[in-house]
Amino acid sequence: MISEMKTIAVVGGGQMGSGIAQLTAMHGCDAWLLDTDPSALTRASKSISSSIQRLVSKGQLTQAVGKDALGRLRYTSNLQELSSADVIIEAIVESEDVKKKLFIEIDKITKSSAILASNTSSISITRLASATSRPKQVIGMHFMNPPPIMKLVEIVRGADTSDETFNATKTLAERFGKTVICSRDYAGFVVNRILMPMINEAFFTLYTGVATKEDIDVGMKLGTNHPMGPLELADFIGLDVCLSIMKVLHADLGDNKYAPCPLLVQYVDAGRLGRKRGIGVYDYRQMPKAIKPSPKL
């Protein structure tokens, strides 16, 4: 199975999906990127091209590898195009129902040997796998944001994930130059089980008037050596994503300590989703591009 991993398909043309497709192409695999929205594919194509050019200009990627990577990328809105892929990585909205519907469709059209991986940051792999006819070949492959830069991949085995699927996925992640950690299939896995409650607590700290948003972020950056403060990080991740993960933690683990902060809920209700909308905890709309916080975590 490992030697046959030549074509990787990514579903979801957002920040994570486009980053995973870019990473795939940069490491010598043919890459499909699918999104039902053609404008999302246009944005993804531009984003990937500029990212690769930036890496080349910084000397972190050779001109030849950059050119080869761009040549390996293909974009589509037709799910049938993914029928020959060896691995399909789902990177769509953090909703169990939406993901299950996609897995049902992917399961129907992909070849029987294909691995179905989810980039979910919190949702049960076992439950996603139950929507397919191949639970042994379903696995969690959680990349960190942005995927071409961040060194970690969190691999999550469902109840029925086979050793062969696990080993093939781990080998693929290592081929991408990533360090792998493994998590059992519990809500939030490792990283977000720890990170999201911290972000949620930062919202409570702001909500109850303990300190300003600036002082909360500076306190955590300088006091704990975090490269970004928790509220700045939440804006980068997307407040809607943070809220979705907190809801999964609260529902699946059944502890009120995971209840989302009302301020986080209110910001999402107001459409203040973070950097992608120009406003979240912070307002980025009038901020010159040159001094906007770096997305590198």
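This report describes the sheet of a predicted model, the helices that pack around one another, and two threonines.

Residue numbers start at 1 in each chain and follow the sequence as written, and because the model is predicted, local features need pLDDT of at least 70 and side-chain atom pairs count only at pLDDT 80 or more, while totals for chains, interfaces and linings use all residues. Side-chain values rest on heavy atoms, with hydrogens and water left out.

## The sheet

Eight strands make up an open sheet of mixed pairing, in the order 3-2-1-4-5-6-7-8; strands here are DSSP runs of E with at least two residues, helices are runs of H or I with at least four, and both are numbered from the N terminus. Two strands are said to pair if DSSP finds at least two bridges between them. The edges are formed by strand 3 (73-76) and strand 8 (179-183), each of which pairs on one side only. Between neighbouring strands of this sheet the average turn is 25°, with direction ignored.

Three of the strand pairings are set out below.

| Strands | Sense | Bridges | Opposite residues |
|---|---|---|---|
| Strand 1 (residues 7-11) and strand 4 (residues 87-90) | parallel | four bridges | Val11 and Glu90 |
| Strand 5 (residues 115-118) and strand 6 | parallel | three bridges | Ala117 and Ile139 |
| Strand 6 and strand 7 (residues 152-157) | antiparallel | five bridges | Phe143 and Val153 |

How many residues of strand 6 are buried? In strand 6 (residues 138-143), six of its six residues are buried, where buried means under 20% relative accessible area, exposed means over 50%, and partly exposed lies in between, with a 1.4 Å probe and protein chains only. In a regular strand the side chains alternate between the two faces of the sheet. In strand 6, Val138, Gly140 and His142 point one way, whereas Ile139, Met141 and Phe143 point the other way, and all are buried.

## Helix 1 and Thr24

Thr24 lies in helix 1 (residues 15-26), and Thr24 counts as buried because its relative accessibility is 0%. Neighbours within four places in sequence aside, Thr24 is in contact (heavy atoms within 4.5 Å) with Ile8, Cys29, Asp30, Ala31 and Phe176.

The axes of helix 1 and helix 2 come within 10 Å and cross at roughly 50°; axes are lines fitted to C-alpha atoms, for helices over the stretch in contact, and angles run from 0 to 180 degrees between N-to-C directions. Helix 1 and helix 2 are therefore oblique to each other, on a scale where angles under 35 degrees count as roughly parallel, over 145 as roughly antiparallel, 65 to 115 as roughly perpendicular and the rest as oblique. Their crossing is right-handed, the near helix being turned clockwise from the far one by less than a right angle, whereas an anticlockwise turn would make a crossing left-handed. Ser18, Gln22 and Met26 of helix 1 meet Ala44, Ile48, Ser51, Ile52 and Leu55 of helix 2. By class, this contact of helix 1 with helix 2 has five nonpolar, three polar and no charged residues; Ala, Val, Leu, Ile, Met, Phe, Trp, Tyr, Cys and Pro count as nonpolar, Asp, Glu, Lys and Arg as charged, and the others, Gly among them, as polar.

## Helix 2, helix 3 and Thr62

Helix 2 and helix 3 pack at an angle of about 170° with their axes 9 Å apart, which means that helix 2 is roughly antiparallel to helix 3. The contact brings together Ile48, Ser49, Ile52 and Val56 of helix 2 with Gln63, Gly66, Ala69 and Leu70 of helix 3, and its residues divide into five nonpolar, three polar and no charged.

Is Thr62 buried or partly exposed? Thr62, in the loop between helix 2 (38-57) and helix 3 (63-72), is partly exposed, with a relative accessible area of 47%. Although Thr62 and Ile52 are 10 residues apart in sequence, their C-alpha atoms are 9.7 Å apart in space.

## Helix 10 and helix 11

Helix 10 (residues 239-253) packs with helix 11 (residues 262-269) at an angle of about 130°, their axes being 9 Å apart, and so helix 10 is oblique to helix 11. The crossing of helix 10 and helix 11 is left-handed. Leu239, Asp240, Cys242 and Leu243 in helix 10 meet Leu264, Val265, Tyr267 and Val268 in helix 11, a contact of seven nonpolar, no polar and one charged residues.
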